[in-house]
Amino acid sequence: MAPCNCAADLSTSLNYIAIEPSLRVAPFSSAFYLFGGPTLGININKDFTYIQEKQTDKRGDLSDVRKTVLSAQAGAGIDIPVSAKTNNTQFTLSPFVSFLTNLGQQPRTVETLSFYTFRTGIALKFGTSKKSVVAKKGSDVSTIPAMEKEVQFYVRAPKVVPPSRQVKE
């Protein structure tokens, strides 16, 4: 409650554009994968609104907000193929979960506000390839022998250097 014993409301909007490069590793020979990497947040909005009964509303920007914050993330997911392996166009659904740490996530320099983030999502991946020539079963496939070239090697021995040298002055 405010000093006048009347209701008050503070709302903030602290928005960042996030750049999240990550390294993806598939530790097993399956569709399961792990990923992790740094995150860079660039502040684009830092406004607040303070509303209190019997007072005028106050709007403005939060002070001492860092323009950029650096953090880290880690996550896991699985690739689920949607199209047949023989199709030229491949589609894959990849549900994932990620965790963003509070490491370096203090957006203001004057207080210890920090946060953790858990995210879930589904990524749709697609790609195309050129048609590959596949031999039909039972068809005659001829092979072309590789051309062999004659190669000559020469070995030149280094000049003999005596173990002790005599110097005349």
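**Strands**

I started with the sheet pairing and found strand S3 (residues 32-52) running antiparallel to strand S5 (residues 68-78), with eleven bridges joining them. I looked up one rung of that ladder: Phe 32 has Ile 78 in S5 as its bridge partner. Next I followed S5 to S7, again an antiparallel pair, joined by five bridges. Here I noted Ala 76 standing opposite Val 97 in S7.

**Confidence**

I should keep in mind that this is a predicted model. I get an average pLDDT of 82 for the protein chain, with 84% of the residues scoring at least 70. Confidence is lowest in strand S1 (residues 8-19), where the mean is 88, and highest in strand S2 (residues 23-25), at 94.

**Salt bridges**

How many salt bridges are there? I count four.

I went to Arg 119 and Glu 20 first; their side chains meet in a salt bridge at 2.9 Å, N to O. Arg 119 belongs to strand S8 and Glu 20 to the loop between S1 and S2, so this pair links distant parts of the chain, 99 residues apart. I checked exposure too: Arg 119 is partly exposed at 31% relative accessibility, and Glu 20 is partly exposed at 28%.

Then I looked at Lys 125 and Asp 79, whose side chains form a salt bridge at 3.1 Å, N to O. Lys 125 lies in strand S8 and Asp 79 in the loop between S5 and strand S6 (80-81), so the pair ties together parts that are 46 residues apart in sequence. I also see Arg 24 here: salt bridges that share partners join Arg 24, Asp 79 and Lys 125 into one network. Lys 125 is partly exposed, with a relative accessible area of 28%.

Asp 57 and Arg 59 also make a salt bridge, at 3.9 Å, N to O. Asp 57 is partly exposed at 42% relative accessibility, whereas Arg 59 is exposed, at 61%.

**Second largest pocket**

I read off about 170 Å³ of space for the second largest pocket. Which residues line it? Among them I find Glu 20, Arg 24, Arg 119 and Lys 125, along with Tyr 33, Phe 35 and Phe 96. S3, S7 and S8 each supply at least two residues of the lining. By class, I have four nonpolar, four polar and four charged residues in that lining.

**Val 110**

Last stop was Val 110, in the loop between strand S7 (89-100) and strand S8 (117-128). Is Val 110 buried or exposed? I have it as exposed, because its relative accessibility is 51% and the cut-off for exposed is over 50%. Its C-alpha atom is separated by 8.8 Å from that of Ser 63, 47 residues apart along the chain.

How values were computed. Residues are numbered from 1 along each chain as its sequence is written. This is a predicted model: local features need pLDDT of at least 70, side-chain atom pairs count only at pLDDT 80 or more; totals for chains, interfaces and linings use all residues. Side-chain values use heavy atoms; hydrogens and water are left out. pLDDT is the predictor's confidence in each residue, from 0 to 100. Helices (H or I, at least four residues) and strands (E, at least two) are DSSP runs, numbered from the N terminus. Buried means under 20% relative accessible area, exposed over 50%, partly exposed in between (1.4 Å probe, protein chains only). Two strands pair if DSSP finds at least two bridges between them. On a 1 Å grid over the protein atoms alone, a cavity is a set of points where a 1.4 Å probe fits but cannot get out, and a pocket is an open set with protein on both sides within 12 Å along at least five of seven lines; lining residues have an atom within 4 Å of a point. Grid points are joined across faces, edges and corners, and a volume is the space filled by probe spheres set on the points. Ala, Val, Leu, Ile, Met, Phe, Trp, Tyr, Cys and Pro count as nonpolar, Asp, Glu, Lys and Arg as charged, and the others, Gly among them, as polar.
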